[in-house]
Amino acid sequence: MGNKIVLLLPLGVMLGLFIFGYASLSGTDDVTNDTLQEAITLEAEQLDDSHVNIKWQWGGFPQDGLAGVDYIKLLVIDASGHERASAISGGILQLTQGDDTLFQSDDVKKTSNSAIMSFPNTMNDEAILGPTGEATFRLTNPLEEGETVVIYYYHTWKEHELPLSQEASLDKALENEISQHYWVTEIKRTFN
C-alpha cells in the first residue's frame with residue numbers, strides 16, 4: 001500500500017494542475033487581430049506647448065499571430081473645425097517590452113493635413129514588437145485655445161507596403177491594399 005501512495009500522489013497533483021490550468025485558460029477571452037480593437041488602451045497627453053504624447057497597450061495577444069505594420073496618425077483641428085495643415089514638425093516612436101526599448105524611429109511621414117508614424121508587428125525570439133509603445137509628436141506651433149488633437153491608431157495583420165506621400169490618404173491606401181485586414185480607432189483631446 002505504501003508504494004501505491006507514492007505513485008498516486010504525484011499523479012493526483014499533476015491531474016489537479018492540469019484541470020486548474022485548463023479552467024484558467026478557458027476562462028479568458030480569446031483575442032484575435034480583428035477583436036483587438038476592443039482590448040486596446042489608447043491615451044494622449046500634452047507634455048508641453050509643443051509636444052503631444054500617445055501611449056498604447058494591447059489588452060491581449062492575438063491568437064492568430066502578428067504580421068503587418070501599425071500606424072499612429074495625428075491631426076490638429078482648429079477652433080472653427082478646420083484641419084490645420086503642417087501642424088507637426090517631427091516626432092519619435094518607441095516600442096517597449098517591460099523596461100526594454102525594442103524599436104525606435106523618428107521617421108514621420110507628413111500628409112497634406114496630418115503626420116503618421118509606423119511600426120512593425122512582429123515576434124523575434126522572445127521580443128514582441130507592437131503591443132506596448134508610445135509616440136511623441138512635435139508641433140510646429142503651440143496649440144491654441146479651442147484646438148483639438150485627433151489621434152488615430154491603425155492596426156493591420158497582413159504584410160503590406162504603403163507608399164505614403166503628401167497626397168496619399170492612409171485610409172484609402174489601406175482600403176486599396178488590405179481592406180479586410182485592418183481597423184482604426186481614434187481619440188480626440190482638447191488640451192487647453
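This is a tour of a predicted model, stop by stop, with a selection to make at each one.

**The whole chain**

Start with the full protein in cartoon view. Two helices and twelve strands are present. Read from the N terminus, the elements follow the order α-β-β-β-β-β-β-β-β-β-β-β-α-β. Of the 192 residues in the protein, 37% are buried. Among contacts with a separation of 6 or more, 73% join residues 24 or more positions apart.

**The largest nonpolar core**

Next, select Ile-54, Trp-56, Ile-72, Leu-74, Phe-137, Ile-151 and Tyr-153 and show their side chains. They belong to the largest nonpolar core, which has 32 residues, and they touch the most other members of that core. Now colour the strands that build this core. At least two residues each come from strand 1 (40-48), strand 2 (51-58), strand 3 (69-77), strand 4 (88-97), strand 7 (114-120), strand 10 (132-139), strand 11 (148-156) and strand 12 (182-189). Which strand gives the largest share of the core? Strand 2 does, with four residues.

**Phe-137**

Stay in this core and select Phe-137, a residue of strand 10. Its relative accessible area is 0%, so Phe-137 is buried. Add Ser-50 to the selection: the C-alpha atoms of Phe-137 and Ser-50 are 8.2 Å apart, although the two residues are 87 positions apart in sequence. Beyond its neighbours within four places in sequence, Phe-137 is in contact with Ser-50, His-51, Val-52, Ile-54, Ile-72, Leu-74, Ile-88, Gly-90, Gly-91, Ala-115 and Met-117.

**Tyr-153 and the aromatic cluster**

Move to Tyr-153. Not counting residues up to four places away in sequence, the residues that Tyr-153 touches include Ile-40, Leu-42, Trp-58, Asp-70, Tyr-71, Ile-72, Gly-130, Val-184 and Thr-185. Trp-56, Phe-119 and Trp-183 are also among the residues in contact with Tyr-153. Select these three together with Tyr-153, and you have one aromatic cluster. How many aromatic pairs does the structure hold? There are five.

**The second core**

Now select Val-69, Ile-116, Val-150 and Tyr-154. They are included in a second core, which is separate and has 15 residues.

**Asn-121**

Select Asn-121, in the loop between strand 7 and strand 8 (122-124). Is Asn-121 buried or exposed? It counts as buried, because its relative accessibility is 0% and the cut-off for buried is under 20%. Show the side chain of Asp-70 as well: the side chains of Asn-121 and Asp-70 make a polar contact of 2.7 Å. Other residues that Asn-121 touches include Trp-58, Leu-66, Ala-67, Gly-68, Val-69, Leu-129, Gly-130, His-155 and Thr-156.

**The salt bridges**

Side chains of opposite charge can pair when their charged atoms come close. Three salt bridges are found in this structure.

Begin with Lys-73 and Asp-171, whose closest N and O atoms are 3.7 Å apart in a salt bridge. Lys-73 is in strand 3 and Asp-171 is in helix 2 (residues 170-178), so this pair ties together parts that are 98 residues apart in sequence. Lys-73 counts as buried at 11% relative accessibility, whereas Asp-171 is partly exposed at 31%. Add Tyr-152 to the view: the charged end of Lys-73 sits over the ring of Tyr-152, at 4.7 Å from the ring centre.

Then select Glu-147 and Arg-84. They form a salt bridge with closest N and O atoms 3.2 Å apart. Glu-147 is in the loop between strand 10 and strand 11, Arg-84 is in the loop between strand 3 and strand 4, and the pair links distant parts of the chain, 63 residues apart. Both residues are buried.

For another salt bridge, select Lys-109 and Asp-107, with closest N and O atoms 3.6 Å apart. Lys-109 is partly exposed, at 36% relative accessible area, and Asp-107 is also partly exposed, at 38%.

**Asp-125**

End at Asp-125, in the loop between strand 8 and strand 9 (127-129). Asp-125 is exposed, with a relative accessible area of 76%. Check its backbone: phi of Asp-125 is near 50°, a positive value in a residue other than glycine.

Technical notes:
Residues numbered from 1 in each chain as written. Predicted model: local features only at pLDDT ≥ 70, side-chain atom pairs only at ≥ 80, totals over all residues. Heavy atoms only, no water. Core = buried A, V, L, I, M, F, W, Y, C linked by side-chain atoms within 4.5 Å. Buried < 20%, exposed > 50% of the residue type's maximum accessible area, 1.4 Å probe, protein only. Contact = heavy atoms within 4.5 Å. Polar contact = N/O pair within 3.5 Å; in protein donor to acceptor, adjacent residues only side chain to side chain. Salt bridge = Lys/Arg side-chain N within 4 Å of Asp/Glu carboxyl O. Phe/Tyr/Trp six-rings, centres within 6.5 Å; stacked < 30°, edge-to-face > 60°. Lys NZ or Arg CZ within 6 Å of the ring centre and 35° of its normal.
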